[in-house]
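Subject: Structure for you to look at

Dear colleague,

I am handing over the structure that I have been going through, and I would be glad if you kept it open while you read. Please find it just below.

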Amino acid sequence: MGETASEMLESGEEVVFDRRHSLWEIWRNFLAGIAAVVALVLLLTRFKPGPSSVPGETNWGYIALIGLMALLSVFFFALRPLLRQRGQPDKKYFLPATGALLTLGGWSALMWFRNSRGFAELWTLVAWAVFAVVMVGWLLLPLLRWYFTHFILTDRKLILSSGVLNKQFKVIPLDQVNDISGSQNVWERIFNYGDLVIESAGEFGQQPFTNIGNPREVRALILERRNAFLQRRAAGAPTASPPTVVGPPPTTEGAVREASAAMDLKLVEGLRKLDELRRSGALTEEEFQRAKKELLEKLEDQ
């Protein structure tokens, strides 16, 4: 748990779990990192320009690479703009022609300097620069975001903490958790992670928590802790569980606390019924939000 997130815990509050997103969510980033390493090795060996170590030998790998780059450039900057103009009465040829001419000029320059030692050194520098950008942007930053993101459940609330330098927090008290739904695609089912959407009675409404490992187990644990929290509130017990103390009968403060807990249960039950009506199609989203607002205002007046 991050230091800032730990400061949000109250005295005596118990942390049930502290999870991060599943690492499987950034599997594409790991593939990009591996591809970047392979590409760097090829660019500095087989596809590198410069004088050949064997007199008269042609660097066919470099020639094939710049040929492929030229074909891709012609397709994206010349042919594709022309194909998009099919059927249009006024066709514009300036951009496609400019793209084709620039591609031809770039390919000619790369071919001209293919045996230059200075150009080979510049090629090496550019290859390392592109490799560094790819590794930082596609691998290092996602790993840092994964490391500094925490999904925390305590015996009183849910906390989502994220951000490497600038921290963001979302806190949902357990007594405001109305329902939890989840989803998993085929890939997520294979590696046992998925998304949870928490329906709350607070300001967040439907709050997604994505890429959570063991989502079914997490959902069951959150609902179990919510029910235990509401039962303690209904019984008039404090949220922490101190030793039982024999003393005088409950005071007026205890009676007020019991009444507040009863209202909390009534609120959760009412919101659950409204949500069931919305899911069944009896209420639209607009009607659901209006009824929820009226229920909250009614309970506040009481």
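What follows is an account of what was found in it, going from the whole chain to single residues.

Please keep in mind from the start that this is a predicted model. The protein chain contains nine helices and seven strands. Of its 302 residues, 31% are buried. If you take the contacts between residues at least 6 apart in sequence, 58% of them join residues at least 24 apart.

**The two sheets**

One open sheet is built from four strands in the order β1-β2-β3-β4, and the pairing in it is antiparallel. The strands β1 (15-19) and β4 (168-173) stand at its edges, where each has a single partner strand, so one side of each is left without a neighbour in the sheet. From one strand to the next, the twist of this sheet averages 10 degrees. Helix α7 packs on this sheet and touches β1, β2 and β3, while the direction of α7 makes about 150 degrees with that of β1. Within the sheet, β3 and β4 are paired in the antiparallel sense over six bridges, and Leu158 has Ile172 in β4 as its bridge partner.

Another open sheet has three strands in the order β5-β6-β7, again with antiparallel pairing. Here β5 (177-183) and β7 (206-213) are the edge strands, and each has a single partner strand, so one side of each is left without a neighbour in the sheet. The twist in this case averages 25 degrees from one strand to the next. Helix α7, which covers residues 215-234, packs on this sheet as well, touching β5, β6 and β7, and its direction makes about 175 degrees with that of β5. Strand β6 (residues 193-200) is joined to β7 by six bridges, and the two run antiparallel. In this pairing, Val197 stands opposite Pro208 in β7.

**The nonpolar cores**

Where do the sheets and the helix contribute to a core? The largest nonpolar core has 18 residues, and Phe151, Leu158 and Ile222 are those with the most contacts inside it. At least two residues of this core are supplied by each of β2 (150-154), β3 (157-162), β5, β6, β7 and α7, and the largest share, five residues, comes from α7. Phe151 is a good residue to select on your screen: if you leave out residues up to four places away in sequence, Phe151 touches Phe17, Asp18, Arg19, Leu158, Ile159, Leu160, Phe209, Ile212, Val218 and Ile222. There is also a second, separate core of seven residues, which includes Tyr62, Ile63, Leu65 and Trp123.

**A pair of helices**

How are helix α2 and helix α5 placed with respect to each other? Helix α2 (residues 27-44) packs against helix α5 (residues 117-147) at an angle of about 170 degrees, and their axes are 9 Å apart. Since an angle over 145 degrees counts as roughly antiparallel, α2 and α5 are therefore roughly antiparallel to each other. On the α2 side, the residues that meet α5 include Phe30, Val37 and Leu40, and on the α5 side they include Trp123, Phe131 and Leu139. The residues of this contact divide into 17 nonpolar, three polar and no charged.

**Three asparagines**

Asn211 lies in strand β7. Is Asn211 buried or exposed? Its relative accessible area is 13%, and because the cut-off for buried is under 20%, Asn211 counts as buried. Apart from neighbours within four places in sequence, Asn211 is in contact with Arg20, His21, Ser22, Glu25, Glu188, Tyr193, Gly194 and Asp195.

The other two are found in loops, and their backbone angles deserve a look. Most residues other than glycine have a negative phi. Asn192, however, has a positive phi of about 55 degrees although it is not a glycine; Asn192 lies in the loop between α6 (186-190) and β6, and it is partly exposed, at 37% relative accessibility. Asn214 also has a positive phi, of about 50 degrees, without being a glycine. Asn214 belongs to the loop between β7 and α7, and with a relative accessible area of 30% it is partly exposed.

With best wishes

Notes
Residues numbered from 1 in each chain as written. Predicted model: local features only at pLDDT ≥ 70, side-chain atom pairs only at ≥ 80, totals over all residues. Heavy atoms only, no water. Axes fitted to C-alpha atoms, helices over the stretch in contact; angles between N-to-C directions. Parallel < 35°, antiparallel > 145°, perpendicular 65-115°, else oblique. Contact = heavy atoms within 4.5 Å. Nonpolar A, V, L, I, M, F, W, Y, C, P; charged D, E, K, R; others polar. Pairing = 2+ DSSP bridges. Buried < 20%, exposed > 50% of the residue type's maximum accessible area, 1.4 Å probe, protein only. Core = buried A, V, L, I, M, F, W, Y, C linked by side-chain atoms within 4.5 Å.
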